[in-house]
Amino acid sequence: MISTARDLGDVQLEAVIDLDAIAENCRAVAEYAGDARVMAVVKADGYGHGAAAVVPTMLANGVDRLGVTTIGEALELRRSGVTAPILAWMLGVDADYGAAIRADVAVGVSSPRHLAAVVAAAREAGRTATVTPKIDTGLNRNGISATEWPDTLRALAAAEAEGAIHVDGLFAHFAHADEPNHPVIDAQAEALSAAIADARRAGLRPEINHHANSAATLTRPDLRFDMVRPGIALYGHTPVPGIAGDELRPAMTLRAKVLIVKDVAAGAGVSYGHTWHAPRDTRVAVIPAGYADGVPRALSNRFEVAIGGRRFPNIGRVCMDQFVVDLGPDGGGVREGDEAVLFGDASVGAPTAQDWARTLDTIDYEIITGVRGRAVRRYRGGA
Ligand SMILES: *Cc1c(COP(=O)(O)O)cnc(C)c1O
């Protein structure tokens with residue numbers, strides 16, 4: 001997987017992470033959040049940015065808490081020295097709840113069976129587990145279903161009375177947050193409010209309740225509850241382009257060194273299957289990044305790189321380890337060893353992960369979390 005080594009002499013492909021951009025984005029999102037706290041979602045290794053490496057910057061710039069999916073991810077953050085509250089929420093009935101409790105990691109629960117496992121682990125550890133029940137307010141994915149809510153609530157109240165758990169808040173996740181006026185959003189928010197009221201009537205004191213991901217944080221200040229729970233926005237990508245968050249700065253730049261520059265004669269085919277033929281004598285550059293590194297093969301002949309501030313189109317198929325770009329008959333001034341930017345910050349003229357996502361009919365989340373293989377992460381900026 002991605003290494004953070006700086007001193008590999010032969011690094012040809014880098015994911016450069018700009019910690020100053022992360023800092024700015026966190027402060028911007030904290031502004032959107034107003035009085036609500038901010039839980040930074042750093043699942044999937046910080047959306048491919050390296051969770052342990054970006055978290056200190058986040059915590060220094062308006063982020064209070066961290067959210068991950070698995071207990072393993074949370075423990076890795078604890079091992080890296082993070083003491084801030086962490087919530088892990090995608091857990092099976094056989095998850096290692098004891099490890100979470102010992103490491104002071106809050107756990108999401110999605111059914112009475114999951115809660116029973118947490119309670120058993122807390123009794124065994126002789127400690128109080130922090131529990132954030134996940135309410136299924138309409139996404140119909142993870143979360144406590146409406147039919148199981150009454151039983152779960154009774155069990156939550158009993159477990160809290162016994163001292164096995166403390167419920168710090170309730171949370172839920174939106175299905176249509178990137179469509180700011182969708183009626184399902186309001187229905188979901190009302191369902192969470194109703195669950196909070198139920199919990200209070202049952203004697204619980206859920207104080208930090210949360211529903212809003214990035215899109216809701218950016219577009220629906222009325223749905224902040226006590227905390228917002230953004231991910232993608234902190235890394236500089238808006239899930240609602242043209243509506244909000246366009247000022248955020250993508251923190252990741254994927255760049256590669258030009259491996260070789262060479263001539264291709266008019267009529268010659270390039271790369272596997274010769275899906276592109278040179279319309280004239282031209283020069284091409286070989287870029288050492290392929291689908292094994294997170295450059296989707298489906299992008300073949302459909303994207304551009306920036307070299308020296310100019311754009312050059314990919315020609316021919318993206319291979320496992322490399323792809324080719326057309327420099328034009330004059331070679332565009334490109335030399336071997338030059339830096340080719342695959343995607344990065346549009347404000348400095350780079351193609352973007354959003355460009356790739358649009359071309360591929362997906363979302364930039366999939367592009368930035370897909371960087372892998374020989375890409376080496378490098379960090380710049382930060383205190
Ligand atoms: C991934 C995730 C988030 C963050 O979503 P973004 O769209 O990246 O802001 C928030 N909450 C839950 C439950 C998630 O799974």
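This note covers the ligand site, the pocket around it and the enclosed cavities of a predicted model.

1. Ground rules. In this predicted model, local features need pLDDT of at least 70 and side-chain atom pairs count only at pLDDT 80 or more, while totals for chains, interfaces and linings use all residues. Residues are numbered from 1 along each chain as its sequence is written, and side-chain values use heavy atoms, with hydrogens and water left out.

2. Ligand shell. Start with the 14 residues around the ligand. Being near means having a heavy atom within 4 Å. Lys43, Tyr47, Ser214, Gly231 and Tyr365 come nearest. The shell holds 6 nonpolar, 4 polar and 4 charged residues. In this sorting, Ala, Val, Leu, Ile, Met, Phe, Trp, Tyr, Cys and Pro are nonpolar, Asp, Glu, Lys and Arg are charged, and the others, Gly among them, are polar.

3. Polar contacts. These are pairs of N or O atoms within 3.5 Å. The side chain of Ser214 has an N or O atom 2.5 Å from a ligand oxygen. For the side chain of Lys43, the distance to a ligand oxygen is 2.7 Å. Ile232 uses its backbone: a polar atom there is 2.8 Å from an oxygen of the ligand. The ligand taken alone exposes 390 Å², and the protein buries 94% of that (Shrake-Rupley method, 1.4 Å probe).

4. The pocket. The ligand sits in the largest pocket, with more than half of its atoms within 2 Å of the grid points. A pocket is an open set of points on a 1 Å grid over the protein atoms alone, with protein on both sides within 12 Å along at least five of seven lines; lining residues have an atom within 4 Å of a point. Its volume is about 730 Å³, counted as the space filled by probe spheres set on the points.

5. Pocket lining. There are 34 lining residues, with Tyr47, His173, Asn213, Ile363 and Tyr365 nearest the centre. They divide into 17 nonpolar, 10 polar and 7 charged. Helices α2 (43-47), α9 (214-219), α10 (353-360) and α11 (364-368) each supply at least two of them; helices are DSSP runs (H or I) of at least four residues.

6. Cavities. The whole structure has 2 cavities of 30 Å³ or more. In a cavity, a 1.4 Å probe fits but cannot get out. The largest is about 40 Å³. Its lining includes Lys134, Asp136, Asn142 and His173, and divides into 2 nonpolar, 3 polar and 3 charged residues.

7. Second cavity. The second largest holds about 30 Å³. Among its lining residues are Trp89, Tyr97, His114 and Asn142. The lining has 4 nonpolar, 4 polar and no charged residues.

Notes. Polar contact = N/O pair within 3.5 Å; in protein donor to acceptor, adjacent residues only side chain to side chain. Helix = DSSP H or I, 4+ residues; strand = E, 2+ residues; numbered from the N terminus.
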